[in-house]
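Me: Hi! Could you walk me through this structure? I'm new to this, so plain words please.

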Amino acid sequence: MAEIQSAVESDLDPNKDDLPLRANTNHMLVRHYVLDLAVHFESKTIGGSIVLFLEPGKGAESTEIPDSAPLGASTTSLPPLCEQPKQEPQLQLHPQPGATEVTAETCAHKHVEGTEARPWEEGASEEFTLVLDCCDLSVSKVEEVDVASVPAMRALLGDCEQPPQARCLSFTLVERLLALSSSCWREQHDLYLQCSTAPCPEGAAPLSFHTDRWSLQLRKRGVGSPSGFPRVLRIWYETKPEGASVRWTDTQDGRCCVYTMGSPINNRALFPCQEPPVAMSTWQATVVAPAEYTVLLSGENRAVPVQKESGLSRWAYYVTMPMPASTFTLAVGQWHEARAKSGTAVPEFQGAPDGPAQTQSVCSHVDYPCRFALTPAWREAVIPHRVFSPACLLPQVEAVVVPHLPACLAAAHAVLGVHPFSHLDVLLVPSGFSSLGMASPHVVFLSQSVLAGPPHLCGARLCHEIAHAWFGLAIGARDWTEEWISEGFATYLEDVLWAKVQQLSHRQEEDQLHLRALLRWRRLHDELQNSEQELQILRPHKESTGAVAESGASTVKHGLNPEKPFMQVHYLKGYFLLKFLASFTGHEQFLAFLRLFVSTYHGQLVLSQDFLRMLLDHFPDVKRRGLALEGIYADWLDAPGIPKWLTEESAAWIQSPLVAEVQQEVTKWIHFSRGHGKGTKRKRGDPSLKVNFKEMGPEQTVLLLEMLLEEEKMSAGVLQTLERTYNLRTQDAEVKHRWCELVVKHKHSAAYKDVEDFLIDNQAMGVYLYGELMLQEDSGQQALARRCFSRTQEHMDPAALAVVSEMIL
């Protein structure tokens, strides 16, 4: 059956099928990863070893444990090895004495060590198979690790009345290592590190392994169940240049770099792992790279490189909060740290409680050093942070990103409470990055598109990505198809946080929220008209959401559809669902409930019903007003299209003051345009030549240009006046995008250079602009599209490359 499943999945069409999550997490769970890697820019590979610390899952048989508990004490109640109060994680990772370190020189040699494993087919019917998610990796050897050979591990047996038998010693030691209290996390991580360099058991042969398109499968001779399977494995491997988890490209300075993609297949082409979100783990990683490179990684410590004699540097990171392997992020490049100007003040905001004693619930997650339990963390409105970028972007980054980041962090703290993570690094990624931003634990990627024009776009995007620390990272979706749980919440909170950063009055905030809601409504309306209905459903698994196979394997619905990354239905429809719910509770009461939800569920994975049921229980009066779980499913989560409430509510947003101002200006422009059409004779002093147009903010300008796009004809003279009136070439990327649409629609050749610059500088936003250029069937516009594509395709995001290639070729 496994072979049939493997054959079927290897034939998946990546243009229309679901992404398989093959790891059998119900049988065995990875609790901790230790990575020791070297980055090779010459070959565009990353190579080395990964050590997995395993624990039998809830579906594992318990009949074959080899006498693993003939001890004087239960392994579920272990004596503490240390008595330390919980505090901020600060671990310095260094090579252990006598350990062989992975470097650029040694990792290739390590790959070919060891004896040949037996053919994969042998033992297929009797032996347990550990399945890991894996793609585009060259695995050379898999071996068991002898943790009993590490002298420091013996201290874990201090309370035993009699020592365990030799054949179950490693099982017992690993059980006790994994069960150490979070107050002993330093000792635990040090033991993980020592074990990662331990040898194989004497006389043990390498494990048999097999790779197919989506998985790495492992067996040990004679082991028929998870309970008898080795608890610590070392895998020697190397990535492939074409692996879809990492991007090898050039920075804006023209220097080679590499960073993790996050999608479409998460991290399985970076290291063998368990991709289902339920497989939450901790990790520590050392990365060797050329000394002139900076290594950023999802870690709680601010790593300092250790210089090596060979012109290389070694960076070490770790996390103590269990998270899905998909959140692991790596970026290696010749980045430069941006500096803040002295004297920059951070506004103080009133809002969230200032300590754990004021929260309404206690931590319900597995034991780890949680910041929600630390009073000092609650008072830290602005966590330590750094910003990195290529040298050529530093002036813009220091002028736009650096000043706004502290205020965005402080606003998030005021609205949501304690920051789940202890520090944040922000990186301006290469121009081929596929979106405006991406959040990971301790690391945020930003597109260069946020740098142009007024700081509005940058500030709002920073708020969006910072909000993901709570919704998407500290609280994650148990089923990845419920993307709205992350993106809908971040989009909703983006508005709240950015309004606070701007220190708007209540009336100003309400007006801005209405304007942003109307812009999103228009975007959602257009997207729903031009997308498949299947892609419009927020809960595509419906009543089966969260369900997995007996092994723990599952799929991500539409996970391999290249059009999905460019859709915003989960962002927008999820955002409007939250506005709908807030309309029942009141805005401030809804924010207070979000803080309660965070306090209750941080460190855990949730489904839609967890949030909705808690909300309905917390606000019992909304049930009496007709709000019910079944209705929310039917109207918002399980069906395509637009709910009735949204259509009705949009009428109120059109009447808001900021929108009314835009409509007045649109009327002026229409009148001005019709008075300047072809064949219209105008005399000097004609009043139609002199129109006083009102100055507007960036989002009002976006709405103005969108409304003008509905006009059938606009002359070149009117378009030139429009550009000069609002200085459109100096505006942010959202405004420029609408300007480019006007230029394309009306074949305004004098501004084709604006379109070309936009497609090259804003690759995260320009995909569908290619389609508009091609649809016009104008030879000049099509030549422009092909010229831009030729210049950018080498470093274009793979999903964008696929979509644009289809449009052009």
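Me: What does Q503 do just after helix 8?

Reply: Q503 takes a positive phi of about 55° there. Most residues other than glycine have a negative phi. Helices here are DSSP runs of H or I with at least four residues, strands are E runs of at least two, and both are numbered from the N terminus.

Me: Before we go on, what kind of model is this?

Reply: This is a predicted model, where local features need pLDDT of at least 70, side-chain atom pairs count only at pLDDT 80 or more, and totals for chains, interfaces and linings use all residues. Residues are numbered from 1 along each chain as its sequence is written, and side-chain values use heavy atoms, leaving out hydrogens and water.

Me: Ok, back to helix 8. Is it mostly buried or exposed?

Reply: 17 of its 18 residues are buried, so helix 8 is largely enclosed by the rest of the structure. Buried means under 20% relative accessible area, exposed means over 50%, and partly exposed is in between (1.4 Å probe, protein chains only).

Me: And where is R478?

Reply: R478 sits in the loop between strand 21 (475-477) and helix 8. With a relative accessible area of 34%, R478 is partly exposed. Its C-alpha atom is 8.4 Å from that of P276, although the two are 202 residues apart along the chain.

Me: New topic: what is phi like in D136?

Reply: D136 has a positive phi near 55°, and lies in the loop between strand 4 (130-133) and strand 5 (137-144).

Me: How accessible is D136?

Reply: D136 is partly exposed, at 26% relative accessible area.
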